[in-house]
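I sat down with this entry to look up a few packing questions and write the answers as I went. The notes are in the order in which I checked things.

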Amino acid sequence: MKFNYTLGAALVAALLATACGKKEEVAATPAPAPAAAPAPAKTSVEVLHYWTSGGEAASAAELKKMLEAKGHEWKDFAVAGGGGDNAMTVLKSRAVSGNPPTAAQVKGPAIQEWASEGMLASIDSVAQAEKWDELLPKVVADVMKANGSYVAAPVNVHRVNWMWANPEVLKTAGVTGMPKTWDEFFVAADKIKKSGNVALAHGGQNWQDFTVFESVVLGVGGAEFYDKALVKLDPAAIASPTMTKALNTFRKLKGYTDAASTGRDWNMTTAMVIGGKAGFQFMGDWAKGEFTAAGQKPGEGFLCAAAPGTANAYTFNVDSFIMFKLKDEGAQKAQADLASAILSTEFQEVFNQNKGSIPVRLGHDMSKFDDCAKLSATDFVASAQSGGLVPSIAHGMAVDPAKAGAIQDAVTQFWNDDKLSVADAQKRIAQAATN
Ligand code: GAL
């Protein structure tokens, strides 16, 4: 397209004049600000854990949020499988191939085992600066240390010896109140069975069988017997008539479970109680995380009580994160930030409300927690004073992993093989205890 230059020329001149006028202006505007320095690269913090159920995932998300608020990138490495056996297998293969994550969910005596391999970083700098020895119950602080140094950060205190119930299912069956003894439990279970519901929701997996077994031993024998048999692994206690009674009680429970129990995940089993398909479940209070995630409240949608015969006792299970030795300074800083975040009051509050456990910090204000958590906190302190506080063997707090695994196998064989006699089971448990 050709301009009529004259007119066009005048027009062009005018435009230019304006531009020229602007140029003058442009010349006057300040030079653009130098480009902002690129944001420092975020340290990627890879965390291996096995929190994949609804309540667990919601809880892990709180840790992610806290770590990212400290400027780090959370790299999630979740390994499905309640109880954590799968996760530990994966962790071992990663560590052996020289590619450990930044941090991993590892608990109890296994912490010392990892430390003895020389693979763990000390987090004493954070622990001393934040006075963890004053913040934590000694029974917990001791588990987090190797050779006197903190190598793990505790997240919570789970109580394992819980019984959960659906109040509507109990009411329909004419069961009033939570059973306090095993005899009362079987009377209630018979009524629920008669009413057409599943009396006991149980997930048929080795660690779940073991979880129920330890609560039965605690309820039948008491904390002192539990300590002898399942912590000190005293052969006389394992061979005793008390263990015989416990194994008979454990086997009797099977008659109140449903045909679809075998292999069912714990949270799908809790869902049966949530949904009014079953009356009771025996499980640690991570189950409460599922009731909470389903919007249910204690005393309304569900009931909680210590497993029969265990009201004065408490099997504790403390989740914790070990930090692997890493050369990268950014990663070391991130591990310190992760440890500090974990023990912070804010995190302890929001994480444990989601997870179903209680804060591990001594004297934490429980006013915003529900009645089950308040009972757990009261019983934790009372049982620590009475001698009723014992480590959960099923959740890796009592004996080294190899022994716990062998005893778990003997217990789950007994649960699954109705032809295996109680006497044989006692022999197998005793054998496994010398593993
Ligand atoms: C426990 C663990 C809990 C919960 C549960 C079910 O061993 O300590 O945090 O995850 O297994 O997976």
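What follows is my notebook on the aromatic pairs, the ligand surroundings and a few single residues.

**Entry 1, the model.** I note at the outset that this is a predicted model, in which local features need pLDDT of at least 70 and side-chain atom pairs count only at pLDDT 80 or more.

**Entry 2, aromatic pairs.** I looked up the aromatic pairs, and the count comes to 21. I then took tryptophan 182 and phenylalanine 186, whose ring centres are 6.5 Å apart with the planes at 40°, so I entered this pair as tilted. Where do these two sit relative to each other along the chain? They are 4 residues apart in helix H9 (residues 182-194), and I therefore wrote them down as separated by about one helical turn. In general, an α-helix has 3.6 residues a turn, so residues three or four places apart point the same way. Tryptophan 182 and phenylalanine 186 are both buried.

I compared this with phenylalanine 210 and phenylalanine 213, which form a stacked pair with 6.4 Å from centre to centre and 20° between the planes. These two lie 3 residues apart in helix H10 (residues 206-231), so here too about one helical turn separates them. Buried or exposed? For phenylalanine 210 I found 1% relative accessibility, and because buried means under 20%, phenylalanine 210 counts as buried. Phenylalanine 213 is buried as well, with a relative accessible area of 0%.

I also looked for a wider grouping, and found that Trp182, Phe185, Phe186, Tyr256, Phe280 and Phe282 form one aromatic cluster.

**Entry 3, charges over rings.** Which charged side chain lies over the face of phenylalanine 186? I found lysine 252 there, at 4.2 Å from the ring centre. Elsewhere, the charged end of arginine 159 sits over the ring of tryptophan 162, at 5.2 Å from its centre.

**Entry 4, tryptophan 182 and serine 215.** I returned to tryptophan 182 in helix H9, where the relative accessibility is 7%, so the residue counts as buried. Leaving aside neighbours within four places in sequence, I listed the contacts of tryptophan 182 as Ser215, Val216, Gly219, Val220, Thr249, Leu253, Phe282 and Pro308. For distance I took lysine 232, which is 50 residues from tryptophan 182 along the chain, and the two C-alpha atoms are separated by 25 Å.

Following one of those contacts, I looked up serine 215, which is found in helix H10 and is buried, with a relative accessible area of 3%. Not counting residues up to four places away in sequence, serine 215 touches Val160, Asn161, Trp182, Ala307 and Thr310.

**Entry 5, the ligand.** Which residues come nearest to the ligand? Of the 14 residues around the ligand, I noted Glu56, Lys107, Asp319, Lys355 and His395 as nearest. I then went through some polar distances: a polar backbone atom of glycine 83 is 3.0 Å from an oxygen atom of the ligand, an N or O atom in the side chain of asparagine 317 is 2.9 Å from a ligand oxygen, and a polar side-chain atom of histidine 395 also lies 2.9 Å from an oxygen atom of the ligand. The ligand has 300 Å² of accessible area on its own, and the protein covers 100% of that area.

**Entry 6, helix H16 and serine 340.** What are the buried residues of helix H16 (residues 345-355)? I listed Phe347, Gln348, Glu349, Phe351, Asn352 and Lys355. The buried residues of H16 pack against helix H2 (54-69), strand S6 (152-154), strand S7 (158-159), helix H14 (286-293) and helix H15 (329-343). Glycine 356 follows H16 and has a positive phi, near 100°.

In helix H15 I looked up serine 340, which is buried, with a relative accessible area of 16%. Setting aside residues up to four places away in sequence, serine 340 touches Lys70, Val126 and Glu130.

**Entry 7, glycine 388.** Glycine 388 lies in the loop between helix H17 (371-386) and strand S14 (389-391), and this loop residue is buried, with a relative accessible area of 2%. Apart from neighbours within four places in sequence, glycine 388 is in contact with Ala223, Asn312, Ala313, Tyr314 and Ser383. I closed with the separation of glycine 388 from serine 59, which is 28 Å between C-alpha atoms, with the two positions 329 residues apart along the chain.

Key:
Residues numbered from 1 in each chain as written. Heavy atoms only, no water. Phe/Tyr/Trp six-rings, centres within 6.5 Å; stacked < 30°, edge-to-face > 60°. Buried < 20%, exposed > 50% of the residue type's maximum accessible area, 1.4 Å probe, protein only. Lys NZ or Arg CZ within 6 Å of the ring centre and 35° of its normal. Near = heavy atom within 4 Å. Polar contact = N/O pair within 3.5 Å; in protein donor to acceptor, adjacent residues only side chain to side chain. Areas by Shrake-Rupley, 256 points an atom, 1.4 Å probe, with all protein chains shown as cover. Contact = heavy atoms within 4.5 Å.
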